[in-house]
Amino acid sequence: MSTQHIPPAPRKFRPVRLGIDVGTYGTGYAWTIITPDSPSGGQREITKRRNWPGAPQDAVKTLTRLLLDTEGEVVAFGYDAQHKGDLRNAGGKDSGLRLVESIKMLLGRSPDKAVDATVTMGQHTDLPERYLALFLKQVYRLALTDIARAGYGEDQIQVCITVPAVFTDHQKQLVREAAYAAGVSQDKGALVLALEPEAAAQYALTSGVRIGTGIDAVPVDLTTPGTRFVVVDCGGGTIDITAYRRDSDGMTEIGKVRGAWRGSVYLNIAFENLILKPRFGGDRAYAKLLDRCPAAIRSMRDAWEQAKRHITVDHDDPLYLQIPAEIAQHLSPRTKKNLKDQQDGQATQLIITAEQIHAVFAEVIPQIIELVEQQLAFVVDEFGPLEQPENILLVGGFADSEYLRQSLADHFTGRATILTPPDPGGAVVAGAAHFACEPDTRARRVRYSYGIRVTEDFDINAGHRDEHKIVVDGKLKCRNVFSSHAHAGDIVPTTKTVSRRYFPLYDDQTGIKFDVYRSTSRTPTFVTDPSCDYVGSLEVSLKEVMKRDIDRRGVEVRFRFGETEIDVWAYVIETGKPVHVELDFVKLEALAV
């Protein structure tokens, strides 16, 4: 095995850098123009979309929602989809429309019944990747229109789309394919993916961070070489956590990616499970309300969505939410009576006590705190403790929650400082544009060991076992050997490639198929080990060298692991002809967190 540091392959220069952050709840984009004389970092002029159709004034993001007709065609998207869907009772019986939400939460995952029932109203009747493509198409078209006004064409744009750090290779591939289906160019380098916490960190380093909020906020400098910080990206669906160290030439990922599906949407799920369903007659009665008046239920969820942002850990007042008349009309007499009994005779509003509010937050906040604890423990164990408190950078839409910020600050008092950039909710959007200009990360930690299934000479001293023994041309061989290209947990520079040479097993082979596996173990022996999963394959033709001796038909395979996505290419050694490989990642269990 050999390693080398090489620069990225030459690509067409695209002066427009467009960053798109597709979130579970909201989506935004930002763009900038780069020239040889353009300023870097915080001096870049980033333009954000702030006039989304149907959105509140100056909104940086629109809703990640689609309104579809019975043929699956897009009627509207974003806030516009929400408004038109509510007017026409989308999702209701005989409405002829369906409102699709929380697309990213189901991408490449097994269906989550809780999410399907309470967030999407059971409207997912198609593959979520198709919905993502439809939604991205609307957003991308809008961005093209904005950029065209500045005098630039589509072939001058490099697109950067953000993905959660906990996304698997398969989920990243689905995002890439959805972008292509939405119209993004498939030319090399026209589309890059950025990890959300990494994009947020890059934004924070260019915009500055602070302790606290408002006029009392205190600036903090994270740009000094040697400074380390944990990034807690709290979005609508996922909580993404990792850690970085600021070096003289950029950032190095020093944390171990951790995360969970415990974003702010799960507060909404807890709100429905603990408040709405019991007050409105239980699961069956609530399901009927979803069918009869989905728009009214959505309005209650949205009212909670706004209210929860300002609730604090010492909140001690009841919360009052108006019950829409359409819901009241469909409540049974018994449910109305029970509602009045629980609320001192009040049935026109939901009265949620402070204790009940805290119970909702208790379904999510402790799990986030535990994930941060695990990350801090990992960093301290790997690199030792600091004399001063650690830095925790809180970003994402959920970072606007006073309850979350205060809970983290209280829990880590004396051990860590909670930092936020000027606009936590828009950090990933702006960071994606910065990332598209020049990624600041110089090295990343590999989550898995990656390797290729090979057949080698049988060697009992190498741990080869009889069940893998075969005979080829009279020689003992061992099949299913895991030939490692990267080891789980290694910190790998983004310019580093790892290469190995392989040769055909049989004389009449006209090609070599390489099956690629990943493993949670640092040192797997066989691809059949329990820690291993098959992730894809690549094929290289040997037809041009079939007349040569078998030992001159070798293929060198190179992996680059330091990028957001695994980059693989190969070439037949004798001809020197390179073949870039797009790994076809198979569907794995989507999230091992």
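These legends walk through close-up views of a predicted model, covering its cavities and one of its strands with the neighbours of that strand.

**View 1. The largest cavity and the residues around it.** Welcome to the inside of the model, where 3 cavities of 30 Å³ or more are counted. The largest cavity holds about 250 Å³ of space. Its lining is made of 20 residues, and those closest to the centre are Lys-172, Arg-445, Arg-447, Glu-563 and Thr-564. Two or more lining residues come from each of helix H4 (169-181) and strand S21 (441-445).

**View 2. The chemical make-up of the largest cavity's lining.** How do the residues of this lining divide into nonpolar, polar and charged? There are 9 nonpolar and 9 charged residues, along with 2 polar ones.

**View 3. The second largest cavity.** Here the enclosed space comes to about 130 Å³. Of the 12 residues in the lining, Tyr-25, Arg-65, Glu-101, Asn-268 and Arg-301 are the closest to the centre of this cavity. Helix H6 (265-279) and helix H8 (294-308) are the elements that each give two or more residues to the lining. The largest share belongs to H8, with 3 residues. Sorted by type, the lining of the second largest cavity has 3 nonpolar, 4 polar and 5 charged residues.

**View 4. Strand S14 in its surroundings.** Why is strand S14 (residues 239-247) described as largely enclosed by the rest of the structure? Of its 9 residues, 8 are buried, so the rest of the structure largely encloses this strand. The next views take its strand partners in turn.

**View 5. The hairpin of S13 and S14.** Strand S13 (residues 228-234) runs antiparallel to S14, and 7 bridges join the two. If you would like a residue to start from, find Cys-234, which stands opposite Ile-239 in S14. Between the two strands of this hairpin lie 4 residues.

**View 6. The hairpin of S14 and S15.** At this hairpin, 2 residues link S14 to S15. Strand S15 (residues 250-253) pairs with S14 in the antiparallel sense, over 4 bridges. Which residue in S15 is the bridge partner of Asp-247? Look for Gly-250, which takes that place.

**View 7. S14 beside S16.** Another partner of S14 is strand S16 (residues 258-260), joined to S14 by 3 bridges and running antiparallel to it. Ile-239 is a handy landmark here, as this residue stands opposite Ala-260 in S16. You may recall Ile-239 from the S13 view, where Cys-234 stands opposite it.

Key
Residues are numbered from 1 along each chain as its sequence is written. This is a predicted model: local features need pLDDT of at least 70, side-chain atom pairs count only at pLDDT 80 or more; totals for chains, interfaces and linings use all residues. Side-chain values use heavy atoms; hydrogens and water are left out. On a 1 Å grid over the protein atoms alone, a cavity is a set of points where a 1.4 Å probe fits but cannot get out, and a pocket is an open set with protein on both sides within 12 Å along at least five of seven lines; lining residues have an atom within 4 Å of a point. Grid points are joined across faces, edges and corners, and a volume is the space filled by probe spheres set on the points. Ala, Val, Leu, Ile, Met, Phe, Trp, Tyr, Cys and Pro count as nonpolar, Asp, Glu, Lys and Arg as charged, and the others, Gly among them, as polar. Buried means under 20% relative accessible area, exposed over 50%, partly exposed in between (1.4 Å probe, protein chains only). Two strands pair if DSSP finds at least two bridges between them.
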